[in-house]
Structure formats: structure tokens, C-alpha cells
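Let us walk through this structure together, one feature at a time. Please keep the sequence and the 3D view at hand as you read.

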Amino acid sequence: MKPIILTGDRPTGPLHLGHYIGSLKNRVILQETHKQYLIIADAQAMTDNFKDPQMIRENILEVALDYLAVGIDPTLSTIFVQSMIPELFEATFYFLNLVTVARLERNPTVKSEIAQKNFEKNLPAGFLTYPVSQAADILCFHADLVPVGDDQNPMIEQTNEIAQRFNHLYQKEFFKKVKALGGHYGRLPGIDGKAKMSKSLGNSIQLSEPYEQIKKKVQKMYTDPHHLHIDDPGQVEGNVVFTFLDAFDPDAEEILRLKEHYRRGGLGDGVLKQRLTQVLEEVIAPIRARRSEFAKDKGEVLRLCRKGSEEARQVVATTVTEMKSIMGVGTF
Ligand code: TRP
């Protein structure tokens, strides 16, 4: 039997180049050798967007389209929608007892999201505990591998803790250890140089971005603020254009030469930005084209998600039944 992948995204907007580098590329490759389940985590998205379920509902299709556009093959991978599987939330409820509030408050990703969203005293319990629901997503499929961006590593760590605690408490090796798999290139910064590319920060390049927009966004990219004249020596470190070239330009040797030239002086930002625009267009153009093909029949894409959800639900329901029987609940 093939090893199992469970991974996915919150549907809060179309996916961007950060997702592509961090996880989508891996998922396209790994679907050949793994049984892959892709969760569109609409219920998780509710934990910080509970006032806007319509936005989330609309983005389910956007994320599904992005998956298909990058090359997720629905005959190899199963795309499903989290809210269609009530058993996931049943598992979550039991898992909530296997983790402390203090441990959840220490989760670095949750911690920085809480700070970013200014929840303060109004922090919804659902938001604080979403890592537990994510653990249920993963464990209910007995996943071996989770290809995600590195900001998700703390979730995998918590998943393994919950699994271990379950196995220990109920004296059965039921859940196995799961591994996170990061992208081949660390975390992609935003076009403004901020640590993380994110649609809500307004610093992202979408996978469906039109050419003119790519050009505009590359023009705006943060370079070296002290590199005022072409002849001035420039700095490569922290220069977002070089970061993106490192991540996307297939000609690594040429990038090395360009870096040397830039450091010496005599190489303008314009030339580099032109090169990057072309490099990104080469990545995005085929994705954009496939996306518009799939977008011609949105009903078919949604049907695919529904069918995937039915298939995924069977897997989850089996796990949850076994889980309850191991715990000795629901069978009085
Ligand atoms: N937390 C992920 C995100 O922010 C989405 C997600 C939900 C997920 N459940 C998952 C990712 C399980 C990997 C595995 O986009």
C-alpha cells in the first residue's frame, strides 16, 4: 500500500507563489508515489473569519481551481472539503482533552497569528484550538507525510503529541508518527520584503496573476534602498528580487554571476526586475492557462470536491469508529 499524505489549505483566497514554493510543488510530485488527500479547510478558516462564511464558501472553488491548475491530478489525489466531514469534528472533541490550554498558547504559529489579528481578550476558543482540529484532519487519515510550508511545523509537532498521548492513555499503538515536509526553498518573503507572503498582508503574487500585474508587482519589489545609482555596489542579502530569482530562476550559475556583478556595481535593478518578470511569467503562464480551462466548468470542479468529500468521509468515519471503540465510548 502507498504511504498516505494529508495536507491542504484554508480557503481564504486564491493561492500564491509562497504556497507554490512551500508545498504545492511537492504535492504535485508526491501524488505519483503517495495516496494524497487534499483538505480544503473551510471549517478551520471559520475560526478567524466566522463573520464572513460567504467569503470562505466562494474561495473553496478558488483553491480547488488552483490545485487543478498547478497539476494536482484528481485521479491520483482526492480533494475534499472539511465541513463535509462531521466525523472530523467528533474526533476533535475527544482530542481536545489530550492537550492543555497552556500548550496551545505556546504554539508559535498560533501565537503570532493571535498577535497579528489583535484578538487580545476576545480570542475565540475555536481559534486557539484549531491545531487540535488540524491534528484530527491528519490523524483520521493515518497520514505518513504532510507537505506544508514551514509555518505549519508546530501543527505537526502538536499532532504527534496528541497521537502519542492517545496511544499511551488507551494502551494501543493506533496512531503513527507523522512527518512534515517543507519546500525545497525556505519561506518565500512578500514582495515588500516582509518575512511571509500573504494575501491579507497585500504582498503576494497569486498563481492566477495576469502578466501585467506580475510586471507591476516586480517593479514594486523591495531591493537595496542604498543602491541609488547603477554604478554603486549593491547588496544581495535581503534584496527580494534576488530572493525570488534564487527561488524560481532555473539558471543558478547565471544568478551567481549576476549577484557578483550587482555587488561590484554596474548592474541596475531594472535589468534584474525584467529577468524576474520573465522567470515568474514562465512559472505562472501554464498555471494560468490550465486554471482558465478548468474554470470553464465550475460545476464539474465542485462535483469533484463533493465526490472527494464522500470518499474522504468513509476513511474518517472508519477511523473515528475505531477510535471510539478503543476509548470505550459510544458503545454502551
Ligand atoms: N493550517 C492550514 C493552513 O493554514 C490548513 C490545514 C488544515 C492543513 N488542516 C490541515 C494543512 C491538515 C495540513 C494538514 O492553510
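How far is the sulfur of Cys140 from the closest cysteine sulfur? In this predicted model, the sulfur of Cys140 has its closest cysteine partner in Cys305, at 20 Å, which is too far for a bond. A disulfide requires two cysteine sulfur atoms within 2.5 Å. Looking from the other end, the sulfur of Cys305 finds its closest cysteine sulfur in Cys140, again at 20 Å and too far for a bond. A search of the whole structure accordingly returns zero disulfides. As for their surroundings, Cys140 is buried, with 0% relative accessibility, and Cys305 is buried as well, at 3%.

Now step back to the overall layout. The domain assignment divides the chain into domain 1 (4-188 + 298-327) and domain 2 (199-291). Notice that domain 1 is written as two stretches of the chain. Between the C-alpha centres of domain 1 and domain 2 there are 32 Å. Where the domains meet, 19 residues of domain 1 are in contact with 19 residues of domain 2.

Next, have a look at the nonpolar interior. The largest nonpolar core contains 49 residues, and Leu17, Tyr67, Met221, Phe244, Phe248 and Leu280 have the most contacts inside it. Helix 3 (residues 53-70) supplies the largest share of this core, with nine residues. Where does this core lie with respect to the two domains? Domain 1 and domain 2 both give residues to the core, so it lies between them.

Leu280 is a good residue to click on here. Setting aside neighbours within four places in sequence, Leu280 is in contact with Leu17, Ile205, Ile214, Val218, Phe244 and Phe248. Apart from this core there is another one, made of 42 residues, with Val110, Val132, Ile156 and Phe175 among them.

From the cores we can turn to the open space. The largest pocket has a volume of about 1200 Å³. Its lining is made up of 50 residues, and those nearest the pocket centre are His19, Glu113, Asp151, Gln152 and Lys196. Several elements give two or more residues to this lining: strand 1 (4-9), helix 1 (17-30), helix 2 (42-49), helix 6 (108-117) and helix 8 (130-139). Which helix gives the most to the lining? That is helix 6, with six residues.

Just beyond helix 6 there is a backbone detail to inspect at Glu120, in the loop between helix 6 and helix 7 (125-128). Phi of Glu120 is near 45 degrees, a positive value in a residue other than glycine. Is Glu120 buried or exposed? With 65% relative accessibility, Glu120 counts as exposed. His142 is another residue to check: its phi is near 50 degrees, also a positive value in a residue other than glycine. You will find His142 in the loop between helix 8 and strand 4 (145-147).

Finally, move along to Gly270, which sits in helix 13 (residues 269-294). Gly270 has a relative accessible area of 48% and is therefore partly exposed. Its C-alpha atom is separated by 9.5 Å from that of Ile230, although the two residues are 40 residues apart along the chain.

Terms used
Residues are numbered from 1 along each chain as its sequence is written. This is a predicted model: local features need pLDDT of at least 70, side-chain atom pairs count only at pLDDT 80 or more; totals for chains, interfaces and linings use all residues. Side-chain values use heavy atoms; hydrogens and water are left out. Buried means under 20% relative accessible area, exposed over 50%, partly exposed in between (1.4 Å probe, protein chains only). A nonpolar core is a set of buried Ala, Val, Leu, Ile, Met, Phe, Trp, Tyr and Cys residues joined through side-chain atoms within 4.5 Å. Helices (H or I, at least four residues) and strands (E, at least two) are DSSP runs, numbered from the N terminus. Domain bounds come from an automatic or database domain assignment. Contact means heavy atoms within 4.5 Å. On a 1 Å grid over the protein atoms alone, a cavity is a set of points where a 1.4 Å probe fits but cannot get out, and a pocket is an open set with protein on both sides within 12 Å along at least five of seven lines; lining residues have an atom within 4 Å of a point. Grid points are joined across faces, edges and corners, and a volume is the space filled by probe spheres set on the points.
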